[in-house]
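Q: I have a model open on my screen and would like to learn how to read it. Could you take me through a few features?
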Amino acid sequence: MKSTINYIRFSLFHRFCHFLIIISFFGLVLTGVPLAFRSYAWARWLYELFGGYPTAGYIHRICALITFFAAFIHFVYLFYNISVRKKRGFFWGPNSLLIQPRDIFDIIGDIKWFLGIGKRPDFDRWIYWEKFEYLSLMWGTLVMAVTGLILWFPVQFTKIIPVSVAGIIDLPSIALIVHRYEAILAAGFIFTIHFFHTHLLPEKMPADEVIFTGKITEEEFKHERLNQFKRLESQRQLENYKVAPPSLFVTFLARLFAVPMLIIGLIMVGFMFSALLVWAI
Amino acid sequence: MGYISGKNMIGRLSSGFGKFKLLASFTIFVLMIAVSPTLLTAGDNGHCLECHTRPDKLKVSEKAKIDPVTAEIKVASMLIDEAAFKASAHGGQDFFCIDCHPDLDGVDLTEGHKPNLKPVDCITFCHDDPAEEYLNSTHVKLMKQNNKDVPTCKDCHAGLTYHYTPLGEKSPRDVPRGTDPLHRKLTIESCGSCHQDYFDSYRNNAHGQVTALGHTTTDVPVCFDCHGKHKILNSSEPESKVGKDKILETCGKCHANANASFVKHVEHPQIKNVGYYKTLLAAVKNARNNPEGLKKVIKNPQTILCIVFVMYIGILAFTFSSFGLHSLLTWLATVRDEFKRKGHADEEHH
């Protein structure tokens, strides 16, 4: 039986950011990936579905602006909490999303668990692969934003470069290649690794609603992040995180949103993988 | 006895054929009365379209044409799609069928016209300037040197037809305008049929990937937008549209304020061309004997593109193999734990 005790894991702000990223990421992938897989019929169909040229390009740019907005409010949030509210723990400790020494022990523990010579490590608030996903999202967004802007304003960007250098370093062409393969990396990563690590685990199927409702049951909390649970318990802070369980309606809404997104993502990765197979064969 | 002798069959066929003949001559007879005497005159397409839009009025609605060089047989429809004609480059107000088919000028149509017309001569009276430009271009000279068949006007601009096939499929080659998206799309393929390397590299470019998705309006450049039409010159020649003197103007047609750095852009990236990687490796191998060769390769903007491409393929392969394995192992270990827990639960139950 599911425990009725729930704890808050993601604040409204974090859930809103994740929602913005989902909307913009799917918009970007669905209008951008057809260009990378231009010779396949599904790519043509998808491109037409989003209005073809130039409409699909406009949708792509609007979604890029949403991504920029999400990144902007994220960094405003970080700046506000670090320098105005003087909150600590963003760079060091269990609440930090940066790599910590304990992550190395977690990785070793995880490998032992995979091989069956140890039990699942007791993780803290952020598991090492979650940190990796966060950091690669930050890095990926930066790369995609810079190369995307170069492709958006090629004339203006090349103006900065002296002619002698431009003959060796062709900025728009480099931007196109980086943008294309970083996009395949990002889309492929989110639709396989992120999906299978967080949402499509046997215990989470069909989706992990925690990022949508913000609430985690005590049972899940102890199973997933026992270290954080014990830490908060010993610090007598656990009570502060206790919340009422999400209503059935909210859980239903979360699934209603998440499941189609997961299916679309899996279909996309299926298309991309089939292209890889066609190329390999 | 459910058996028809050969003789009988021939008899039946010939009688069927006779009926057809009768019908045909009757039709012609009716036509003769209806339109006689009809003399074809300049300034009117009406007489032509009267029959050439209706298969029942034509003696022959399809003709086989054999290419004298390749012996390829094409079926040409004798039917005219008036809308396609009107939309074509020749579809203006003052242009008429007999301008291209002058051997029908003043012909008496009472009994129809002769079956085989002379091939259309585009050059002599109308298009002598572009033809001269074309025939004297380096492009054609090189083709002649290399014993390639030089395309004629009709190979690119029009073939058989403003005519459509009886299946209703419109011919793509109806002297379309340069702005016609279908025509623009087909020209990419025509150029690509000889210039395979350039076709492939164009498809890897920002412009080529959009046209590959089927968008070939004038917003997206096809081959001839940058390289020119009749006078295609090597980029090393100053007169060339992609040469030193004119490149700013050529790119500037779409990219307002194109600058000298912008026009250094590589339109044909070699990232997927194995040949270029071979020259790269060869240059590195011969670096000691030929340092100039290595310098040249390093200064080629293609080199950086190839390095970035290979790097990304490496990143992709590494990320997906390592994290794929990680996900798989997480999955398996989770399933294993679930089984164990269930086993325990069952034992407790008993």
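A: Happily! Let's begin with contact: two residues are in contact if their C-beta atoms, placed from the backbone, lie within 7 Å. Keep in mind that this is a predicted model.

Q: Which residues in H5(A) meet H8(A)?
A: Among them are Trp129(A), Glu133(A), Gly140(A), Val143(A) and Met144(A) in H5(A). On the H8(A) side, the partners include Leu171(A), Pro172(A), Ala175(A), His179(A) and Glu182(A). By class, this contact of H5(A) with H8(A) has twelve nonpolar, six polar and two charged residues.

Q: How do the axes of helix H5 and helix H8 of chain A cross?
A: Helix H5 of chain A spans residues 128–152 and helix H8 of chain A spans residues 171–199; their axes come within 9 Å and cross at roughly 150°. Angles over 145 degrees count as roughly antiparallel, so H5(A) is roughly antiparallel to H8(A). The crossing of H5(A) and H8(A) is left-handed.

Q: Is Trp129(A) buried or exposed?
A: A residue is buried if 20 or more other C-beta atoms lie within 10 Å of its own. Trp129(A), which lies in helix H5 of chain A, has 21 such neighbours and is therefore buried. The C-alpha atoms of Trp129(A) and Ile107(A) are separated by 9.0 Å, while the two residues are 22 residues apart along the chain.

Q: How many residues does the contact take from chain B and chain A?
A: The contact takes 44 residues from chain B and 44 from chain A. On the side of chain B that touches chain A, the largest share, 21 residues, comes from H15(B). That side of chain B has 25 nonpolar, 13 polar and six charged residues.

Key. Residues numbered from 1 in each chain as written. Chains lettered and ligands numbered in written order. Predicted model: local features only at pLDDT ≥ 70, side-chain atom pairs only at ≥ 80, totals over all residues. Axes fitted to C-alpha atoms, helices over the stretch in contact; angles between N-to-C directions. Helix = DSSP H or I, 4+ residues; strand = E, 2+ residues; numbered from the N terminus. Parallel < 35°, antiparallel > 145°, perpendicular 65-115°, else oblique. Left-handed = near helix turned anticlockwise from the far one by under 90°. Nonpolar A, V, L, I, M, F, W, Y, C, P; charged D, E, K, R; others polar. Buried ≥ 20, exposed ≤ 12 C-beta atoms within 10 Å, placed from the backbone.
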